Amino acid sequence: MSAIDIQISEVGPRDGLQNTRIFMPTDAKKAWIAALAAAGLPEIEVCSFVNPKMIAQFADAVEVAAYSLTLPDVSIVALVPNLKGAERAVEVGVRRISLPISASEAHSRSNVRKSVDEQLDELARIVALRNSLPTDRRFQITAGISTAFGCTLQGEVPEADVLRIAARAVEIDADSVSVADTVGYANPAQVRRLLSAVRAEIGGRLEAAHFHNTRGLGLANCVAAIEAGVRSLDSSMAGLGGCPYAPGASGNVITEDLVFMLESMGLRTGVDIAKLLDARKILEAALPGADFYGHLAKAGVPKGFARAEAA
Ligand code: ZN
């Protein structure tokens, strides 16, 4: 795999499908994930090990994760809401899990039925599980701080709360921290300010940022995150996505548009746009009637467009 400047983590199969009413057939999920990997996406969040009674879309999480782990040259991530989910993910062989920790008390209670501090305790239990395994079987844990830029339930989320959770997650020994605008409230000035503050607090453990395009600021927020030193960005093919507990939050940053923007800026993503658009066709065929977004898919690349090259 060629060197990349910015890692794009495709979250469509998890965040995208989580908020899609239609169940995507398991074989279609596999074909889509394989096509995403073939397009060069270095990391894919493929499912959530949530209780299937809560979200039916992930009833096939074990099968989807097991299949995804057979794909070459791609890091496979699974979201887990708690220790039980982590145990299921690890049993399948997943080596990187993401645990959401809401910065908003109201969202935390609604999303995982725990207070923020109780969810931090859950992180500690997952870290203990990791540490109990032989070194060569240990998995990576990302603490994903959700609703970090505001919350549909609580409204404003104080930056001090985000900083406290980030510091605590590192103290507990999560491998990395991701900061998420779960409901699409963030603006670029806020992103630069908050992520710079998180970086000052936890340094290089701040790895990733996650934005929704709910109010059209997704790409601008990605640029602001890069300016604040973030090197991994989440996005979702065709801008699928949202959170069932955050009403009105739909549409992650659109992967195709993000790849185009970064490559145009001279930042290598490792992603082949033509193959990415092939993967989008698989998605569109598998989810008739769903909402698909994206400018690049409509307009195509400009005449003479070339991918970013090593400086
Ligand atoms: Zn999200």
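Zinc site and aromatic pairs

In this predicted model, Asp15 (OD), His210 (NE2) and His212 (NE2) coordinate the zinc ion at 2.0 to 2.1 Å.

User: What makes Asp15, His210 and His212 donors of the zinc ion?

Analyst: Donors are N, O and S atoms within 2.8 Å of the metal. The atoms of Asp15, His210 and His212 lie at 2.0 to 2.1 Å, so they count as donors. Along the chain their spacing is D-x194-H-x1-H.

User: Why is His210 called buried, and why His212?

Analyst: Buried means under 20% relative accessible area. His210 has 6%, so His210 is buried. His212 has 3%, so His212 is buried too.

User: How many aromatic pairs are there?

Analyst: The count is 2 aromatic pairs.

User: Why is the pair of Phe149 and Phe211 called tilted?

Analyst: Ring centres must lie within 6.5 Å, and planes that are neither under 30 degrees nor over 60 degrees apart count as tilted. The centres of Phe149 and Phe211 are 6.0 Å apart and their planes stand at 50°, so this pair is tilted. Phe149 is in the loop between strand S5 and helix H7, and Phe211 is in strand S7, so the pair ties together parts 62 residues apart in sequence. Both Phe149 and Phe211 are buried.

User: What makes Phe260 and Phe305 a tilted pair?

Analyst: Their rings are 5.4 Å centre to centre, with 45° between the planes. Phe260 lies in helix H10 and Phe305 in the segment after helix H12, 45 residues apart.

User: Are Phe260 and Phe305 buried, partly exposed or exposed?

Analyst: Partly exposed lies between under 20% and over 50%. Phe260 has 24% relative accessibility, so Phe260 is partly exposed. Phe305 has 25%, so Phe305 is partly exposed as well.

Technical notes. Residues are numbered from 1 along each chain as its sequence is written. This is a predicted model: local features need pLDDT of at least 70, side-chain atom pairs count only at pLDDT 80 or more; totals for chains, interfaces and linings use all residues. Side-chain values use heavy atoms; hydrogens and water are left out. Helices (H or I, at least four residues) and strands (E, at least two) are DSSP runs, numbered from the N terminus. Buried means under 20% relative accessible area, exposed over 50%, partly exposed in between (1.4 Å probe, protein chains only). Donors are N, O and S atoms within 2.8 Å of the metal (3.2 Å for Na, K and Ca); water is not among the atoms, so sites may look incomplete.
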